[in-house]
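Let's take a walk through a protein chain together. Keep the picture open and follow along as we go from single residues to the whole fold.

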Amino acid sequence: MDDSHISADLDRVLFTAEELDARLAEIAAEIDAEYRDKDVLLVGVLTGAVMVMADLSRALTTHCSMDWMAISSYGSGTQSSGVVRILKDLNTDISGRHVLVVEDIIDTGLTLSYLVSNLKSREPASLEIMTMFRKPEAAENAVDVKWVGFDIPNEFVVGYGLDYGGRYRNLRCLGSLAPHVYS
């Protein structure tokens, strides 16, 4: 779906599909250099990171394995609930593995901070984070993120895997959701 199908629901498009693809290709090249000759496990954070994980893995020239976790700190609204829960854990033992967590967005950092602590306790050889979007103004928990696609304003955004009420994930761009949709 492109933004022309839902233009009344968006205040503006922040990044087009082409801009997202170009930035992801740059990040993939950096990740390839970092993990050359290493067996890397990509850990996608469901459900938002599906698009990022798929596109990133296809852009890599390095062999990689994949696994998924589902972690939640959101209800059905637009604000974090403050409570983090593991909804689906990894199927893979990560001890001694090079792990790259792939996130869609980091806002407060609460969910990712919890996830990093949880994964470090499993003793991976290395643990790095890649996120497509980050909201620096919303940060409450400091998290060391190695690769960031784009820093974005502290607005409610949808598209490229990000949703509101289960909608808009398949939007190819990233857009700022119009307040009339969620107010």
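## Two cysteines, no bridge

Let's start with Cys 173, which is buried, at a relative accessible area of 5%. Cys 64 is a bit more out in the open: at 26% relative accessibility, it counts as partly exposed. One thing to keep in mind while you look: this is a predicted model.

You may know that a disulfide is a covalent bond between the sulfur atoms of two cysteines. So how many disulfides does the count come to here? The count comes to zero, taking a pair of cysteine sulfur atoms within 2.5 Å as the rule.

## The whole chain

Now zoom out. The chain has four helices and nine strands, and from the N terminus on they run β-α-β-α-β-β-β-α-β-β-β-β-α. The radius of gyration is 16 Å, close to the 16 Å that the globule rule gives for 183 residues, so the chain is as compact as a globular protein of that length. If you boxed up the C-alpha atoms along the principal axes, you'd need roughly 50 × 35 × 25 Å.

What about inside and outside? Buried residues make up 48% of the 183 residues. The chain exposes about 8,800 Å², with carbon and sulfur atoms supplying 46% of that area. There's also a lot of long-distance meeting up along the sequence: of the contacts with a separation of 6 or more, 66% are between residues 24 or more positions apart.

## Strand S5 and its neighbours

Find strand S5, residues 98–106. Is S5 largely enclosed or open? Nine of its nine residues are buried, so S5 is largely enclosed by the rest of the structure.

Who sits beside S5? A quick reminder first: strands of a sheet pair through backbone hydrogen bonds, either parallel or antiparallel. Strand S2 (residues 40–46) pairs with S5 in the parallel sense, over five bridges. To spot this pairing, look for Leu 41, whose bridge partner in S5 is Val 99. Strand S6 (residues 126–134) also runs parallel to S5, and eight bridges join the two. Here you can look for Ile 105, whose bridge partner in S6 is Phe 133. To get from S5 to S6, the chain crosses through helix H3 (residues 110–120), and this β-α-β crossover is right-handed.

## A second sheet

Three strands form an open sheet in the order S1-S9-S8, and here the pairing is antiparallel. The edges are strand S1 (10–15) and strand S8 (157–158), each of which pairs on one side only.

Let's look at one of these pairings up close. S8 and strand S9 (residues 174–177) run antiparallel and are joined by two bridges. Within that pairing, Val 157 stands opposite Ser 176 in S9.

## The loop after S2

Head over to the loop between S2 and helix H2 (50–59), where you'll find Ala 49. Ala 49 is buried, with a relative accessible area of 0%. Which residues does Ala 49 touch, leaving out those up to four places away in sequence? They are Trp 68, Val 102, Glu 103 and Asp 104. Gly 161 is worth finding too: it is 112 residues from Ala 49 in sequence, yet their C-alpha atoms are 6.1 Å apart in space.

Thr 47 belongs to the loop between S2 and H2 as well. The peptide bond from Leu 46 to Thr 47 is cis, with omega near 0 degrees.

## Unusual backbone angles

Why point out that bond, and the two residues coming next? Most residues other than glycine have a negative phi, and most peptide bonds are trans.

Asp 37 has a positive phi of about 65 degrees although it is not a glycine. Asp 37 sits in the loop between helix H1 (17–34) and S2, and it is exposed, with a relative accessible area of 80%. Glu 123 has a positive phi too, near 60 degrees, and is likewise a residue other than glycine. You'll find Glu 123 in the loop between H3 and S6, where it is exposed at a relative accessible area of 59%.

Technical notes: Residues are numbered from 1 along each chain as its sequence is written. This is a predicted model: local features need pLDDT of at least 70, side-chain atom pairs count only at pLDDT 80 or more; totals for chains, interfaces and linings use all residues. Side-chain values use heavy atoms; hydrogens and water are left out. Buried means under 20% relative accessible area, exposed over 50%, partly exposed in between (1.4 Å probe, protein chains only). Two strands pair if DSSP finds at least two bridges between them. A crossover is right-handed if, with the strands pointing away from the viewer, the path from the first strand over the helix to the second runs clockwise. The radius of gyration is taken over C-alpha atoms; the globule rule is 2.2 Å times the number of residues to the power 0.38. Contact means heavy atoms within 4.5 Å. Accessible areas come from the Shrake-Rupley method with a 1.4 Å probe; for residues, only the protein chains shown count as cover.
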